[in-house]
Every structure is written in C-alpha cells, then in structure tokens.
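This report goes through one protein model and its ligand site. The sequence and structure come next.

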Amino acid sequence: MLVSAKEMLEKAVEGHYAVGQFNINNLEWTKSILLTAEELKSPVILGVSEGAGKYMTGFKTVAAMVKAMIEELNITVPVALHLDHGTYEGCYKCIEAGFSSIMFDGSHYPIEENVAKTKELVAVCAEKGLSLEAEVGSIGGEEDGVVGMGECADPQECKMIADLGVTMLAAGIGNIHGKYPANWQGLSFETLDAIQKLTGKMPLVLHGGTGIPEDMIKKAIDLGVAKINVNTECQLSFADATRKYIEAGKDLEGKGFDPRKLLKPGADAIMQTVKEKMELFGSVGKA
Ligand code: G3H
Ligand code: ZN
C-alpha cells in the first residue's frame, strides 16, 4: 500500500533499524524493488529523482505506474513514493501527481531561504498527509545533475530545520553520491552524533548509500539514521548482469534478444542487491 514515510520511519527510529530508499528508473526497477520488499516483508521507499521522473515521461506517469503495480502485484508492505532531491517547483509537481512523500533539497540556498521554503512545504505536506525530507549541509559528488560540495552540516542549522516539523532530515556528514574515492575520509560520526543530540528522535537520512562499509552503516543506524538511500549500487548490479548476459552471447541464442529475456538478469540482480541492503539495514520482517 502507498503510504507516507512518516510511520515507517518513526518505527525504524524506535526499533533501531533503517528503511532503504531505492531509486527507480523504469518498470523493471520498480517491480524488482516492490517484489523484494514484499518477499522480505520490509517497508520500502521508492526514490524518484527529477531526472528519472523526466526519463519516465513525467511524475504523473510514475505515480500511476507505482499505484497500479502495488495493486496488481498485491503488495501489502508499506511503500512510500518519494521525490528525491526535489527542487521547490518539483515538489509541487509531485504533490499534484500523487506522490506520498517528497524531499525538498534546499541545501544550496542560504540557510534563511532553506528555512523559509522548507517551512512553507511543511505546511503543505501536513495538510495533504505527505511526509517531507529536508537537507542541510550537502552530499558530495553528483546525482542526476544535483552536485554537492560535500560540506558537513552545521548541527545548529539541522536543529532549525528539524524544528520546522519536517518528517526526516538529510544531513551532509561526509557522504558522497556515486562510488566513493579511494582517499575518502569516511563518515563524520562526530557530526552525526551532534546532530542526533540536538534533533532527538528525528529520523535522520543517509544519502550516498552505495559503497559505505557495513560497520559504518551500523554505527550510523545506532546514531539515529533511519533511512538510507541507495541508487548507484542497483545501477551497477543491473549493468554488470546485463553485460554478462550479452558477453555470454545469450542474446543471440533462441529468443534471447526478446527484451523480456534481455532485461531479466539485470532485474534479478537488482532484487539481490535490494535484498542484501534490506538485511544490512535491519528492515526485514518490519512491515
Ligand atoms: O539520493 C539518492 C542517494 O543518495 C543515492 O546515492 O547513488 O551513492 O547510492 P548513491
Ligand atoms: Zn542523495
């Protein structure tokens, strides 16, 4: 069922686990993630970047596809359809399209402007029953055209945004979108700890979930992270499995070129990656 992310994240904070946000790009991605969540009885968040929304022809198409798929696949676990790194305008488009959750990424604005725009969206989301994610500091690297310098968030600014009544808060703590470079310094647990102490039970969000070592993921969850975003890792799994299928010449055997066969190894690989992440995050059986 399509729900806001509020309740599933509050439960995650109480239960000391994290719910995975897995970004979707097309029908295969969506189906693989939904089926895995159902099989593992895990709550799940489907992330849609503005670029991916455009690729799938628009947010209305995405919302219609996800709603129909939840119904026709008999998905009973809680599913949130969430705008990822949304612009101010993108947030309103997704609210209108029927998303159940949005992220307003105002991290590149001066803090006063981030506060003002987030405050406005808190009121709109509260009225419509949607969950809202805000961001402070920035996530390094690039995701779908969203570029961040990777500066750690100021815990006081995090408190200012949390106090507005957002559902969840993404804070830059040294995390990076995409693959982590060999000289990466790791997550700043000092920053995370300070943010958690000031924001209490606010579910914290860890972006850049691809490639963070398991011990760091577990420590982050201990320090209040209740939502972890994964995008690149599913893309890598999909690409790797598809490449192997083609390199083995499977597309040339029988009807191996049929898109339903050609895309299956990639779709299966996404299921495997999502399963591993849900097990690591501790959300299995929590639906
Ligand atoms: O917003 C989405 C994520 O932060 C994904 O990060 O591509 O590094 O897994 P990732
Ligand atoms: Zn992100």
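Is His85 buried or exposed, going by the other C-beta atoms within 10 Å? His85 is buried, because 26 other C-beta atoms lie within 10 Å and the cut-off for burial is 20 or more. The model is a predicted one.

## Ligand 1 and its shell

Ligand 1 is surrounded by 16 residues. The closest are His207, Thr210, Asn229, Asn231 and Thr232. Three elements each give two or more residues to this shell: strand β3 (79-86), strand β10 (225-230) and helix α10 (232-247).

By residue class, the shell around ligand 1 holds twelve polar residues, three charged residues and one nonpolar residue.

## The annotated histidines

An unreviewed UniProt entry lists His85, His177 and His207 under "binding site". These residues span 123 positions in sequence, yet no two of their C-alpha atoms are more than 11.8 Å apart, so they gather at one spot. His207 is also among the residues closest to ligand 1.

His85 sits in strand β3. Beyond residues up to four places away in sequence, His85 touches Ser49, Met103, Asp105, Glu143 and Val146. His177 lies in a loop, between β8 (168-171) and α8 (189-199). His177 counts as buried because 23 C-beta neighbours fall inside 10 Å, against a threshold of 20 or more. With residues up to four places away again left out, the contacts of His177 are Ile139, Gly140, Gly141, Glu142, Glu143, His207 and Gly208. Glu143 thus appears in the contact list of His85 and in that of His177. The list for His177 also includes another of the annotated histidines, His207.

## Strand β1 and its partners

Strand β1 (residues 19-23) is mostly covered, with five of its five residues buried. Val19, Gln21 and Asn23 point one way from β1, while Gly20 and Phe22 point the other way; all are buried.

β1 runs parallel to β10, and four bridges join the two strands. Within that pairing, Gln21 has Asn229 of β10 as its bridge partner. Asn229 is also one of the residues closest to ligand 1. β1 pairs as well with strand β2 (residues 44-49), in the parallel sense and over three bridges. Here the bridge partner of Asn23 is Gly47.

## The nonpolar core

Which residues of the largest nonpolar core touch the most other members? They are Ile33, Leu46, Ile102 and Leu169, in a core of 77 residues. Helix α12 (residues 264-281) gives the most to this core, with six residues.

Leu46 is in contact with Phe22, Ile24, Thr30, Ile33, Val66, Val79, Leu81 and His82, leaving aside its neighbours within four places in sequence. Among these contacts, Phe22 is a buried residue of β1, and Ile33 is another of the core members that touch the most others.

## An exposed position before β1

His16 is in the loop between α1 (6-15) and β1. Is His16 buried or exposed, judged by C-beta neighbours inside 10 Å? His16 counts as exposed, because 12 such neighbours are found and the limit for exposure is 12 or fewer.

Not counting residues up to four places away in sequence, His16 touches Ile221 and Asp222. His16 and Glu96 are 80 residues apart in sequence, and their C-alpha atoms are 33 Å apart in space.

Note on methods
Residues numbered from 1 in each chain as written. Chains lettered and ligands numbered in written order. Predicted model: local features only at pLDDT ≥ 70, side-chain atom pairs only at ≥ 80, totals over all residues. Near = placed C-beta within 6 Å. Nonpolar A, V, L, I, M, F, W, Y, C, P; charged D, E, K, R; others polar. UniProt positions renumbered as here; feature names shortened; annotations may be inferred. Contact = placed C-beta atoms within 7 Å. Core = buried A, V, L, I, M, F, W, Y, C linked by C-beta atoms within 7 Å. Pairing = 2+ DSSP bridges.
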